Amino acid sequence: MTALNRRHLLLGATGIAGAGLLSACTSPLNKPGTPAPGSGASRSYPAPSLAPAPGRSVVQQTLAPRPVTLDLGGLTAKTWAYDDSSMGVLRGTAGDLFRITVDNQLPASTSVHWHGVRLHHAADGVPGVTQDPIEPGTSFTYEFVAPDPGTFFFHPHSGVQLDRALYAPLIIDDPDEPGAYDDEWIVVLDDWTDGVGRGPDEIFEEFAAENGAVSMGMGHGNMRDMGHGASSPLGDAGDVEYPHYLINGRVPEAPATFEAKPGQRIRIRIINAASDTIFKLALGGHTMTVTHSDGFPVEPVDTAALYIAMGERYDVTVTLRDGTFPLAARPEGKTGTARAVVRTASGDAPSTDAPVPELDGDALLGTQLRAAAQARLPDGEPDDTFDVELNGQMDPYGWGINGRKFGDHEPLDVSPDRRVRMRMTNMTMMAHPMHIHGHTWGLPGSGGLRKDTVLLTPMQTIELDLITDNPGEWMLHCHNIYHAEVGMMTTMRYA
Ligand SMILES: [Cu+2]
């Protein structure tokens with residue numbers, strides 16, 4: 001599928017021609033937006049007046065989630081997507097007003113969550129908490145200002161729809177970015193079963209039928225042989241063996257290829273859009289310099305490999321050598337490898353079983369990074385502290401927070417303009433990437449590192465601070481979509 005086709009498909013419904021999808025389209029400001037209609041929130045929160053920052057513009061687009069048949073590289077899959085190709089990109093600049101209409105052509109209700117963006121409550125895309133579901137055949141317009149530059153993505157917050165192809169990158173450019181690189185490559189990782197193996201709903205129903213209770217205290221761990229191919233230093237890293245692992249929607253046998261010139265410095269924006277898979281990622285023959293985590297700048301660190309959990313994003317820069325090289329992502333605790341190719345010379349691409357020695361050594365974990373000075377959440381004593389305990393086990397399958405499943409949860413009730421500390425402890429034998437909506441944590445134990453998705457390994461405790469500056473009721477949940485859907489979610493709720 002060519003870029004031209006993608007553009008037509010995504011923009012077709014708006015009738016806006018000639019605007020590149022990759023740069024999104026802009027239109028003159030009409031008037032400040034009004035709160036999104038149809039809010040199903042249990043209580044209402046003041047909506048901000050919505051206007052682009054001075055000098056910024058409006059990014060306007062229509063997304064039409066619908067059933068499609070995707071070509072994964074010689075393998076086709078009937079699935080649901082925003083596009084007939086695997087990946088369009090939504091892009092704007094910090095301070096832009098995004099006005100995105102979702103025209104639901106799916107046979108099920110849906111929603112869109114703008115993962116990592118510190119937007120106002122009514123645009124957060126959580127049915128039952130910030131809005132009513134978008135029913136089939138209806139549409140809903142999200143309007144928000146994106147305050148922070150960085151690498152983000154978007155996906156439904158409805159059931160296990162994320163485990164289909166309903167995701168795409170959301171890139172917020174920095175108007176002051178020095179741009180010390182020659183080119184950019186957006187890399188999206190995924191675990192894939194829909195249309196080629198058991199469907200996500202089927203997998204979820206099997207898990208949900210076990211209906212395991214969760215209680216405070218230590219879980220039983222993984223007491224069931226899941227047929228995992230390898231052990232992981234992160235503990236038990238996932239629940240589902242997938243038939244395929246993809247980079248940019250492609251299987252390793254027909255890999256996505258990035259072409260550049262030797263010596264060029266490229267910025268790679270890496271997004272883990274998988275539902276149940278933590279990846280260990282490396283570019284064969286190269287050292288990566290990690291520059292951003294979850295959109296925010298970090299003190300640059302060189303590494304041969306890094307872990308990226310579901311919902312996390314990392315930006316790295318690499319100076320390319322001469323040749324062809326595999327970009328490989330190994331699913332932790334599972335069998336297989338996702339692969340793409342970097343090419344700066346003619347010659348054969350690396351074979352799908354070419355070794356990537358960088359994957360055999362240590363890899364960087366996000367919490368080992370430190371915030372860059374301009375992004376650091378300054379040290380400070382918390383005004384309020386909450387203990388957040390992650391509970392659950394594989395057998396019988398059940399996951400929760402503070403001994404409760406979502407629906408039976410006790411929200412973390414907060415007051416505005418406070419420094420809130422979540423002292424989060426993983427009492428299970430699995431790793432859980434925990435995600436907060438509407439805010440970005442600062443990690444006092446990681447030099448004020450800013451993140452919205454933090455991986456907690458088994459029995460680990462991490463302190464997560466935030467400033468309560470964005471009124472609403474906000475999801476706090478595991479980004480393993482199966483864990484979240486069986487109950488590993490709660491909310492942080494402003495009085
Ligand atoms: Cu989890």
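**Two open sheets with mixed pairing**

An open sheet of 5 strands has its members in the order 24-32-31-26-29, with mixed pairing; strands here are DSSP runs of E of at least two residues, numbered, like helices (H or I, at least four residues), from the N terminus, and two strands pair if DSSP finds at least two bridges between them. Strand 24 (412-414) and strand 29 (453-456) stand at the edges with a single partner strand each, so one side of each is left without a neighbour in the sheet. Neighbouring strands of this sheet are turned against each other by 20° on average, direction ignored, where axes are lines fitted to C-alpha atoms, for helices over the stretch in contact, and angles run from 0 to 180 degrees between N-to-C directions.

The model is predicted, so that local features need pLDDT of at least 70 and side-chain atom pairs count only at pLDDT 80 or more, while totals for chains, interfaces and linings use all residues. Residues are numbered from 1 along each chain as its sequence is written, and side-chain values use heavy atoms, with hydrogens and water left out.

At one edge of this sheet, strand 29 pairs with strand 26 (residues 432-436) in the antiparallel sense over 4 bridges, and His435 has Thr453 in strand 29 as its bridge partner.

A further open sheet, also of mixed pairing, is formed by 4 strands in the order 5-10-9-7. Its edges are strand 5 (90-93) and strand 7 (113-115), each of which has a single partner strand, so one side of each is left without a neighbour in the sheet. In this sheet, the average turn between neighbouring strands is 25°, direction ignored. Strand 5 runs parallel to strand 10 (residues 168-173), to which 4 bridges join it; Gly92 has Ile172 in strand 10 as its bridge partner.
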